Amino acid sequence: MNVVSVGLWTLIHREVLRFVRRPRNTFLPPAITNTLYFVVFGVILGGRINASEGVPYILFILPGLVVLGATSDAFQNASFSIFHGRWNEYIHEVQTSPLSYTEMVLAYVSTSALRGIIIAVLITIVGAICTNLIPSMTPVWFAHPAYVVAFILVITFLFAGFGVVGGLWARDFDYLTVMNQFIIRPLVFFGAVFYPLSALSKFWQTVSLLNPMVYMVDGVRYAFIGTSDIDPNVSLAVLTGATVMIVLFDVWLFKRGYGLTE
């Protein structure tokens, strides 16, 4: 193993330990929040809501909540890690290491994506537990397991990439809160998490297609329950292209020293 590979794995190891060592801050909040979502919207109100093609409402919203949790945490981890390193000026140690710019970005993006994946698994487990509260409910299962893996990987890497941009752009900690709470989450909530696109008029369906979250939620929903409003292959292709572009953009920002040398 060469020196660069050792450096890459060392940075990945450090970043993973950073969020694993604080489970009360990283894993407990999404578990509690999504338990509330499932109990209120799925268990209590679910029986009164007709979602789509006879699918129980709790199963219908599960993919959207998985996307919400995975993307939010992947973005938050990357943005906070980059900004915290800038704020405390230890990111310069990474810059002066024998790592290439590509390896630096891959370390931050992959570890943030890993956190998003863990949160996606956690929310799925919470959803599976909540479905057991309804005696007649079909257990949580994956209609298309390969699509589950593909979409979760793509969306977590995509938002980890966005998180790197956010961490370089932020001027203080308030910027991070604004981006996550007022940009990411609203896009997800209007991305057909709690409703099918078919429930909208033709005009608003067209407008919704401008929201990238729609492709994520719809794709993950297809992977979970086998129903979708958009061809999942189209959604996956669009999201994969966007992921490659944002990671390359991150590498370019690191090479330019944007936010790192100011």
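## Salt bridges and a helix crossing

In this structure, glutamate 15 and arginine 18 pair up through their side chains in a salt bridge, with 3.5 Å from N to O. Keep in mind that this is a predicted model. The structure holds 3 salt bridges, and below they come with a look at how helices H6 and H11 pack.

**The Arg14, Glu15 and Arg18 network**

- Glutamate 15 and arginine 18 both sit in helix H1, which covers residues 3-20. They are 3 residues apart, or about one turn of the helix.
- Arginine 14 also makes a salt bridge with glutamate 15, side chain to side chain, at 2.9 Å from N to O.
- How exposed is glutamate 15? Glutamate 15 has a relative accessible area of just 1%, so it counts as buried, the cut-off being under 20%.
- Arginine 14 comes out as partly exposed because its relative accessibility is 32%, which falls between the 20% and 50% cut-offs.
- Arginine 18, at 24% relative accessibility, is also partly exposed by those cut-offs.

**The aspartate 73 and arginine 115 bridge**

- Aspartate 73 forms a salt bridge with arginine 115, and their closest N and O atoms are 3.2 Å apart.
- Which parts of the chain does this pair link? It ties together distant parts: aspartate 73 belongs to helix H4 (residues 57-87) and arginine 115 to helix H6 (residues 101-131), with their positions 42 residues apart.
- Both partners, aspartate 73 and arginine 115, are buried.
- Back in H1, glutamate 15 and arginine 18 belong with Arg14 to one network, joined by salt bridges that share partners.

**How H6 packs against H11**

- Helix H6, home of arginine 115, packs with helix H11 (residues 232-256) at an angle of about 125°, and the two axes are 9 Å apart.
- What does that angle make the pair? About 125° lies outside the parallel, perpendicular and antiparallel ranges, so H6 and H11 are oblique to each other.
- The H6 and H11 crossing is right-handed.
- On the H6 side, the contact is made by Tyr101, Thr102, Met104, Val105, Tyr108 and Val109. On the H11 side, the residues are Val247, Asp250, Val251, Phe254 and Lys255.
- Sorted by class, the contact of H6 with H11 has 8 nonpolar residues, 1 polar residue and 2 charged residues.

Definitions and conventions:
Residues are numbered from 1 along each chain as its sequence is written. This is a predicted model: local features need pLDDT of at least 70, side-chain atom pairs count only at pLDDT 80 or more; totals for chains, interfaces and linings use all residues. Side-chain values use heavy atoms; hydrogens and water are left out. A salt bridge is a side-chain nitrogen of Lys or Arg within 4 Å of a carboxyl oxygen of Asp or Glu. Buried means under 20% relative accessible area, exposed over 50%, partly exposed in between (1.4 Å probe, protein chains only). Helices (H or I, at least four residues) and strands (E, at least two) are DSSP runs, numbered from the N terminus. Axes are lines fitted to C-alpha atoms, for helices over the stretch in contact, and angles run from 0 to 180 degrees between N-to-C directions. Angles under 35 degrees count as roughly parallel, over 145 as roughly antiparallel, 65 to 115 as roughly perpendicular and the rest as oblique. A crossing is left-handed if the near helix is turned anticlockwise from the far one by less than a right angle, and right-handed if clockwise. Contact means heavy atoms within 4.5 Å. Ala, Val, Leu, Ile, Met, Phe, Trp, Tyr, Cys and Pro count as nonpolar, Asp, Glu, Lys and Arg as charged, and the others, Gly among them, as polar.
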